[in-house]
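Subject: A structure to look through

Hello,

I am passing on a structure that I have been going through, and I would be glad if you could open it beside this message. Please follow the residue numbers in the viewer as you read.

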Amino acid sequence: MFTRFMVLFVAVCIHPLVTSGNLPTIPEATDQILEDFSSLRAVDRWRPMAGSPPVSIEDIVGRKAVRMPCHFQDTKIDRASWDCELAVDLTMCKGLQFLFFCRDTTPVAYFTVYLHSGNGWYRIPFDAPATTGWTPIKIYKKDAGVEEQPAGWGKIDTIRISAWRGQDKDTEFYIASLGTFGSGGKIVVVRGDSAAREAPGELNAIKRYTNVMTEFLDRANLSHIILSDLDVTTERLAGIKLLILPYNPAVPDELVDEIETFLERGGKLIACYTLPKRLESVVGIHVDAHIRQKFQGQFASIRPTGDALPGMPVVARQSSWNIRDASTVEGRSQVVAWWYDNNNQPTDKAAVVAGQNCVFLTHVLMSDDSSAKLRLLLAMAGYLVPELWRDAAQGCLERIGQLEPFDRYDSAKKDITATALGNHRAIEVLHEADRLRNQSRELISEGRYSDAIVVAEQSQDSLIAAHCIAQKPLPGEHRAFWCHSAFGVDGMTWDQAIHVLAENGFTAILPNMLWGGAAFYRSDVLPVSPAVEEKGDQIELCLAACKQYGVQCHVWKVNYNMGSATDKRFVAKMKAQNRTQVGFDGSTNERWLCPSHPENQKMEIESMLEVARKYDVHGLHFDYIRYPGNDGCFCDGCRQRFETVIGKTLDDWPACVRNDDVLSEQWLDFRRQQITKVVADVAEGAKKIRADVKISAAVFRNWPVDRNTIGQDWKLWCDRGYLDFVCPMDYTASSSHFQRMVEQQLPWAGKVPCYPGIGLSVWSDATDICKLIEQINMTRRLATGGFTIFNYGSAQAHQVLPLLGQGLTQKR
């Protein structure tokens with residue numbers, strides 16, 4: 001079914017506009033073409049959305065491409081978009097792929113592919129770098145978000161391509177050679193897309209834990225397919241050996257039927273956290289009540305029993321907050337691993353239960369302690385399907401050296417050797433990686449697959465260590481971490497956490513000490529968290545450690561957003577006083593304060609200035625200094641204050657500010673002014689309190705669009721000198737996209753230092769040191785003078801910082 005490949009288009013962004021004669025030749029497609037656009041009628045298949053020009057078909061040396069012009073200059077459109085009606089079945093593949101060519105992508109912030117299915121859409125953003133030739137782009141199903149209620153990957157009927165505005169500048173792109181990739185394999189991972197109907201709040205968690213599972217399989221080069229739980233059929237499971245349920249809180253009855261048939265025909269199952277009740281008798285495992293941890297760290301690691309599965313790690317660390325209570329059926333299943341707490345004591349709660357055709361993990365599989373987790377997963381899979389052991393061992397061997405920015409071992413070794421010139425320690429560790437790689441190869445030849453995997457992982461770890469040691473520090477650089485918890489790093493005191501930062505060459509911490517309605521210090525302006533009485537004034541504790549170790553402390557406030565940290569009684573009080581936001585549709589957003597309300601502005605300003613008065617901090621840091629989106633705020637107070645500003649009464653509120661162009665511009669300006677006033681007043685007031693205090697802000701990354709959608713006019717703040725440095729939140733796993741965003745942002749920041757935000761903790765692997773090094777080095781090549789990393793947690797303190805400190809940020 002999926003040997004067919006679809007050729008639709010290749011993207012090329014060009015400015016000034018070029019003719020097809022200027023374009024490089026499209027590489028020949030060797031697979032079956034679904035649509036070659038050979039007819040001029042193909043133009044009619046692509047319907048432009050409002051504000052987008054029509055497409056055209058271009059002939060490029062005998063092959064066809066679709067030209068898609070983006071008119072951003074002197075227009076108000078947020079994106080250029082086109083819909084193409086095309087029936088596509090993506091069930092048994094990993095996703096779509098196409099070629100991309102772009103001479104100038106700067107007018108585009110990012111691209112998105114939307115796939116319409118049933119009553120909803122799958123949404124997958126992608127980066128499209130500027131190159132001199134065609135670049136292959138892969139759109140992975142695992143990266144798809146869900147909008148409304150799609151009917152599965154087998155019922156796609158429309159493809160939408162959107163190019164989102166990045167600059168007020170025209171461009172165009174061409175698309176061709178779109179096909180599927182990643183068919184085949186013995187494993188199917190079932191993603192719980194049906195939750196969009198019954199439990200839409202679970203969709204993000206479903207996506208996250210599905211991705212954790214598939215990335216571990218990718219790490220072992222085990223071929224697999226992601227199937228929506230709406231797409232599973234007996235026919236599609238033909239030839240599949242292993243089915244995995246990574247996190248499926250709502251399993252449709254039809255899927256339970258298919259799994260039962262699959263198991264009866266000899267298939268095997270790995271289930272995490274949930275197991276449909278009807279399957280318990282089939283697999284011989286009972287799953288009982290949900291158990292929430294009684295104390296933080298109750299479920300801290302997974303350790304095998306005496307009857308452990310072959311290849312299980314001695315310990316796999318995992319900070320689980322709850323589990324399912326699972327029990328065995330005599331003669332049919334057994335506990336093969338238990339949960340231990342953070343004091344290394346057994347909990348008497350099963351972590352892994354294994355039957356003849358199923359292994360049940362009593363929580364989801366998380367990405368921390370990744371080497372041990374990989375071995376845990378492979379032990380479960382290899383127990384059920386023994387032939388996977390050899391596949392995984394060979395896959396782990398082949399994966400050594402596939403580290404950003406390297407694609408294979410030889411290129412990684414060559415680059416590290418060149419970078420490490422004169423660094424004998426790095427060369428020694430590189431030689432160790434070489435030795436271990438050869439040893440892994442020998443173990444595979446001897447059939448010792450689980451041992452070969454352990455050694456291959458050790459080789460990879462040594463290669464990473466050599467890469468880290470070979471890096472060189474840059475003197476005078478601003479190196480900062482955001483810390484989202486007011487209490488610092490889990491399991492560490494503020495003194496310990498700041499000491500680790502300092503020892504590894506970091507110069508600043510941005511701790512989140514106050515929200516829209518909560519303070520984690522002794523505040524006279526905001527409600528004080530009850531935890532302060534128990535654990536102490538967190539600014540005081542953090543600042544004392546910073547002074548002890550020479551690290552700057554820039555106190556971070558979440559503005560306007562009261563969040564879960566705020567007491568419900570205070571939220572109710574704000575709502576009763578009409579100080580919370582109202583959406584365009586009249587709905588209440590009770591956790592967000594209205595930015596135009598004078599009392600809210602006063603509270604935001606005074607709470608930040610209070611920090612500067614009470615504490616000798618190095619700086620004050622804005623976050624959430626914006627509206628949540630373009631649907632807020634439309635409360636009665638906003639209407640009255642806006643009418644006062646423009647000097648007229650509005651009848652058709654709030655529709656009038658969207659239907660009337662003049663009012664729309666005035667409304668957007670009004671929103672920006674409310675946010676800017678708070679920034680300006682804090683900047684002015686703080687400098688009066690202490691001239692050397694630094695004012696900074698975490699901001700959205702696409703200023704030309706975001707100044708309208710969320711009222712965050714941060715270029716203006718830089719131009720007027722309100723900020724001493726700015727941190728655009730450039731949270732992307734694509735390093736080329738990261739670089740393009742920073743290149744766009746530096747002119748907007750002007751003379752104000754721009755320390756780009758790197759989203760380490762939101763990547764699928766929050767300890768990906770190689771990608772982190774690559775993005776830090778990009779900030780150096782662009783001469784930003786520093787960077788800011790999100791987020792400082794336990795994994796970053798124990799696994800990331802020690803590696804950075806050996807080279808890239810080494811303390812001098």
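Below I go through pockets and cavities, then charged side chains, and then some unusual backbone values.

Please keep in mind that this is a predicted model, and that what I describe was computed from its atoms.

Let me begin with empty space. Rolling a probe the size of a water molecule over the atoms shows where empty space is left. The second largest pocket holds about 710 Å³ of space, and its lining is made up of 26 residues, among which Lys 76, Asp 78, Ser 664, Leu 668 and Asn 708 lie nearest the centre. Three helices each give two or more residues to this lining, namely H16 (656–659), H17 (661–689) and H18 (703–709), and H17 provides the largest share, with 7 residues. If you sort the lining of this pocket by class, you will find 11 charged, 9 nonpolar and 6 polar residues.

How many cavities of 30 Å³ or more does the structure hold? There are 3 of them, and I describe two here. The largest cavity has a volume of about 70 Å³, and the residues that line it are Lys 94, Tyr 140, Lys 141, Lys 142, Thr 214, Asp 218, His 224 and Ile 226. At least two of these lining residues come from helix H2 (203–219), and at least two from strand S13; by class, 4 are charged, 2 are polar and 2 are nonpolar.

The second largest cavity contains about 60 Å³ of space and is lined by Ala 109, Tyr 110, Arg 701, Asn 702, His 737, Met 741 and Gln 744. Strand S6 (108–117) and helix H20 (735–749) each supply at least two residues of this lining, with H20 giving the largest share, 3 residues. The lining of this second largest cavity divides into 3 nonpolar, 3 polar and 1 charged residue.

Now to the charged side chains. Side chains of opposite charge can pair when their charged atoms come close. In this model the count comes to 53 salt bridges, and I have picked out a few that are worth finding in the viewer.

One of them joins Asp 83 to Arg 160, with the closest N and O atoms 2.6 Å apart. This pair links distant parts of the chain, since Asp 83 is in strand S4 (residues 79–88) and Arg 160 is in strand S10 (residues 156–165), 77 residues apart. Asp 83 counts as buried because its relative accessibility is 8%, which is under the 20% limit, and Arg 160, at 14%, counts as buried too. Asp 83 and Arg 160 also belong to a network of salt bridges that includes Arg 47 and Glu 85.

Another salt bridge runs between Arg 399 and Glu 457, whose closest N and O atoms are 3.0 Å apart. Because Arg 399 lies in helix H6 (residues 388–399) and Glu 457 in helix H9 (residues 449–470), the pair ties together parts that are 58 residues apart in sequence. Both Arg 399 and Glu 457 are buried.

In the salt bridge between Asp 692 and Arg 690, the closest N and O atoms are 2.9 Å apart; here Asp 692 is exposed, at 52% relative accessible area, whereas Arg 690 is buried, at 17%.

What, then, of Asp 229, in the loop between strand S13 (224–228) and strand S14 (242–245)? Asp 229 is buried yet has no salt bridge, and the nearest side chain of opposite charge, that of Arg 197, is 7.7 Å away. The side chain of Asp 229 does, however, reach the backbone nitrogen of Asp 193 at 3.2 Å.

Finally, the backbone. Most residues other than glycine have a negative phi, and most peptide bonds are trans. The peptide bond from Glu 404 to Pro 405 is cis, with omega near 10°, and Pro 405 sits in the loop between H6 and helix H7 (409–419). The bond from Trp 653 to Pro 654 is also cis, with omega near 0°, and Pro 654 is placed in the loop between helix H15 (636–646) and H16.

As for phi, Asp 348 has a positive value of about 65° although it is not a glycine; Asp 348 lies in strand S21 (residues 346–355) and is exposed, with a relative accessible area of 61%. Tyr 560, in the loop between strand S25 (552–558) and helix H13 (568–576), has a positive phi near 70°, and at 0% relative accessibility Tyr 560 counts as buried.

Best wishes

Notes. Residues numbered from 1 in each chain as written. Predicted model: local features only at pLDDT ≥ 70, side-chain atom pairs only at ≥ 80, totals over all residues. Heavy atoms only, no water. 1 Å grid on protein atoms, 1.4 Å probe; cavity = no way out; pocket = protein on both sides within 12 Å on 5 of 7 lines; lining within 4 Å. Points joined across faces, edges and corners; volume = space filled by probe spheres on them. Helix = DSSP H or I, 4+ residues; strand = E, 2+ residues; numbered from the N terminus. Nonpolar A, V, L, I, M, F, W, Y, C, P; charged D, E, K, R; others polar. Buried < 20%, exposed > 50% of the residue type's maximum accessible area, 1.4 Å probe, protein only. Lys, Arg positive; Asp, Glu negative; His and termini not counted. Salt bridge = Lys/Arg side-chain N within 4 Å of Asp/Glu carboxyl O. Polar contact = N/O pair within 3.5 Å; in protein donor to acceptor, adjacent residues only side chain to side chain.
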